[in-house]
Structures are given as structure tokens and as C-alpha cells.
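Please open the model in your viewer and set it up so that residues can be selected by number. The stops below can be followed in order, each beginning with a selection to make.

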Amino acid sequence: MPASPPQIEAFHDPATSTISYLVYDHAGGHAAIIDPVLDFDPKSGRTSTTQAMRLLQRIQAQRLSLQWLLETHAHADHLSAAHWLKQRLGGQIAIGAGIRAVQTIFAPIFNFPASFPCTGEQFDHLFSPDEVFAIGELQAQALFVPGHTPADMAYQVGDAVFVGDTLFMPDVGTARCDFPGGDAAMLYQSIQKLLALPDDTRLFMCHDYPPTGREAAWVSTVAAQRRDNIHVHQGRSAADFIALRTARDQTLDMPTLLLPSVQVNIRAGDLPPAEDNGRRYLKIPLDQL
């Protein structure tokens, strides 16, 4: 008897153009959350939980047991709500084992104390490439897809793959590779791994930045990406992609939330510890990036 398909619900955050996902086997069963967002106002420094509450309430409404909080990578465009959700719903916060490399790059930039180990132990689980795991009755696999960062993972559940920042919708293209540790050649190879999947495999984006006149969208297929992706369609050579990606990256501004996001997200979404006055602080290193 074939396995039941995953139940998938998308939660779009217009403020950061992020799509978080709730994936579960059946009502009353087990669930994973992928890339949850903690709201952050960079003008005031205030956090809030509007987006995370949407996920929490849906889990409660469906009587689900939260098994996993899956990060596709250490995001540079939003703070993770994984820690906040785990405190209320349980589950394991997981990311690719490559997070150690990202921590090693960024911990000195933010002058993290020696007590912060760059071992990934802030997360409950570190996935190795192609590791198989379960979401209740669903079988899932962690696919190593570096290039945007050294730690990117995609998660395959049935015919669905949650691609993180490797691919965007076909009319938007692919993720940038100019962050520390990024590599356009590596991203090209990672994308080829995804595009080798069956044509009808559904690909779920982590972000959408739609061209003028198009509504936000976040589901594509392997066939559509091979045919239409403006950066990496079938026939685009690795050399041509690297040249295109490198030239485009040189024109891009840094994301607005890069500095606050990274220093939280390499801590598995935990906010910095309070200082001796009881307040938490995010750092802005000058002239470093």
C-alpha cells in the first residue's frame, strides 16, 4: 500500500517575503515546521510573535504533536521562531551539520564569547547529507544543497521538496552566493541535484520576490524549473551560471535584517543572553561585511 502523501500548509510573511511550512501526516498525528519566522522591527528593536502564533494555533487546531523544527539554513532575512515554538510545543530544532562552518565564520564577526562553541550543539539535531528521518508516519530525507551558504539543506517528504534558498520561482531565479562561505559553483551543483528529481516533484520555495504584476507564489515543479528558471534553465552551463550569478550578486544590497538575523539564527533562534542590566542586545559590527 503506497504511503499517504504529506499534508502541507504554507504561511506567507509579507514583511520578509518568507514562506514557512507546516508538514504533517494526518490530523491528530505528527508534524514538522520548516523555517518559522519571529517578527522583528529593525527600527525599534522589538520582536513579536504574530507569524509564529499562526503556526502554533494551527498545530493546536489539528491536534498535532510537533516533532521537528527544521531550518533550511541560517537565514539572513528573518529571525527564526524555532526556539520560541519549541518552548511552547516541544520538538527538536534541526539544521544541516554545515552550520558549524557558518558559526565559525560569524562568531568572530560578532565577537561571541569563548563560551559559545562553534559545534552546532545549540541545535538538537544536525543532519548529515541524505540522512533519512521520520515525521510521524512520513519518511523524509535531508538533502545537502550548499552554495547559498555552506549549511543549506533541502527536505524531501514524499513528492515534495522544501528547497530553502537554492531556488526561487522560475521568473525570479536563484539565491545569491556572496555571503561569507557562499559559492556559485557549489550552488549550481546543488541545483542540478534537485533538477535531477522526477519532473512532477513539487518544489516549495522559502521566499518569493514576485515581479510587478504577479501575486506571491511558492510552489513550482522540477519540470517548470528546468524549462523556465531565468538563471539555471536546462542548457545553462556551470560556467555561464557562475558568471551570471557573480555579476548579479555584485549589484545587490545586503539584506536589511542580515546582521540581527544571523547572530540569532546561528544560536538556533535563541536570543542573545541578557547582560548585567537585564537587557538583551544585538550587535552591529562596523565595516565588516
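A residue counts as buried here when its relative accessible area is under 20%. Keep in mind throughout that this is a predicted model.

With that cut-off in hand, begin at helix α2, residues 82-89, and colour Ala82, Trp84 and Leu85, which are the buried residues to look for in this helix. If you turn the view until you look down the axis of α2, these buried residues fall within an arc of 160°, so they line one face of the helix. Now display what lies over them: the elements covering the buried residues of α2 include β3 (30-34), α1, β6 (65-70), β7 (79-80) and β8. Before leaving, step just past the end of α2 to Gly90, where phi is positive, at about 80°.

Next, add helix α1, residues 50-61, and compare its axis with that of α2: the two come within 10 Å and cross at roughly 30°. An angle under 35 degrees counts as roughly parallel, and α1 is therefore roughly parallel to α2. To see the contact itself, select Ala52, Met53, Leu55, Leu56 and Ile59 on the α1 side, together with Trp84, Leu85, Arg88 and Leu89 on the α2 side. Sorted by class, this contact of α1 with α2 comprises 8 nonpolar residues, no polar ones and 1 charged residue. The crossing in which α1 passes α2 is right-handed.

Move on to helix α3, residues 99-109, and select Ile99, Val102, Gln103, Phe106, Ala107 and Ile109, its buried residues. Viewed down the axis of α3, they fall within an arc of 145°, so here too one face of the helix is lined by them. Showing β8 (92-96), β9 (125-127) and α7 (258-265) brings up the elements against which the buried residues of α3 pack. Just after α3 comes Asn111, whose phi is positive at about 55°.

Stay in α3 and centre the view on Ile99, which lies in this helix. With a relative accessible area of 0%, Ile99 is buried. Which residues does Ile99 touch, leaving aside those up to four places away in sequence? Select Ala74, Gly120, Phe123, Leu126, Ala151 and Ile266 to display them. For a longer reach, draw a C-alpha to C-alpha distance from Ile99 to Thr49, which are 50 residues apart in sequence and 25 Å apart in space.

The next selection is Ala142, in strand β11, residues 138-144. Ala142 counts as buried, its relative accessibility being 0%. Leaving out residues up to four places away in sequence, Ala142 touches Phe127, Ser128, Pro129, Asp130, Glu131, Phe133, Met153, Ala154 and Tyr155. Pro129 in particular is 13 residues from Ala142 along the chain, with 6.3 Å separating their C-alpha atoms.

Finish with helix α4, residues 184-195, and helix α6, residues 238-249, whose axes come within 9 Å and cross at roughly 125°. The two helices are therefore oblique to each other, and α4 passes α6 in a right-handed crossing. Select Ala184, Ala185, Leu187 and Tyr188 of α4 with Ala238, Phe241, Ile242 and Arg245 of α6 to display the residues that make the contact. By class, the contact of α4 with α6 has 7 nonpolar residues, no polar ones and 1 charged residue.

Notes. Residues are numbered from 1 along each chain as its sequence is written. This is a predicted model: local features need pLDDT of at least 70, side-chain atom pairs count only at pLDDT 80 or more; totals for chains, interfaces and linings use all residues. Side-chain values use heavy atoms; hydrogens and water are left out. Axes are lines fitted to C-alpha atoms, for helices over the stretch in contact, and angles run from 0 to 180 degrees between N-to-C directions. Helices (H or I, at least four residues) and strands (E, at least two) are DSSP runs, numbered from the N terminus. Angles under 35 degrees count as roughly parallel, over 145 as roughly antiparallel, 65 to 115 as roughly perpendicular and the rest as oblique. A crossing is left-handed if the near helix is turned anticlockwise from the far one by less than a right angle, and right-handed if clockwise. Contact means heavy atoms within 4.5 Å. Ala, Val, Leu, Ile, Met, Phe, Trp, Tyr, Cys and Pro count as nonpolar, Asp, Glu, Lys and Arg as charged, and the others, Gly among them, as polar. Buried means under 20% relative accessible area, exposed over 50%, partly exposed in between (1.4 Å probe, protein chains only). The arc is that of the directions from the helix axis to the C-beta atoms.
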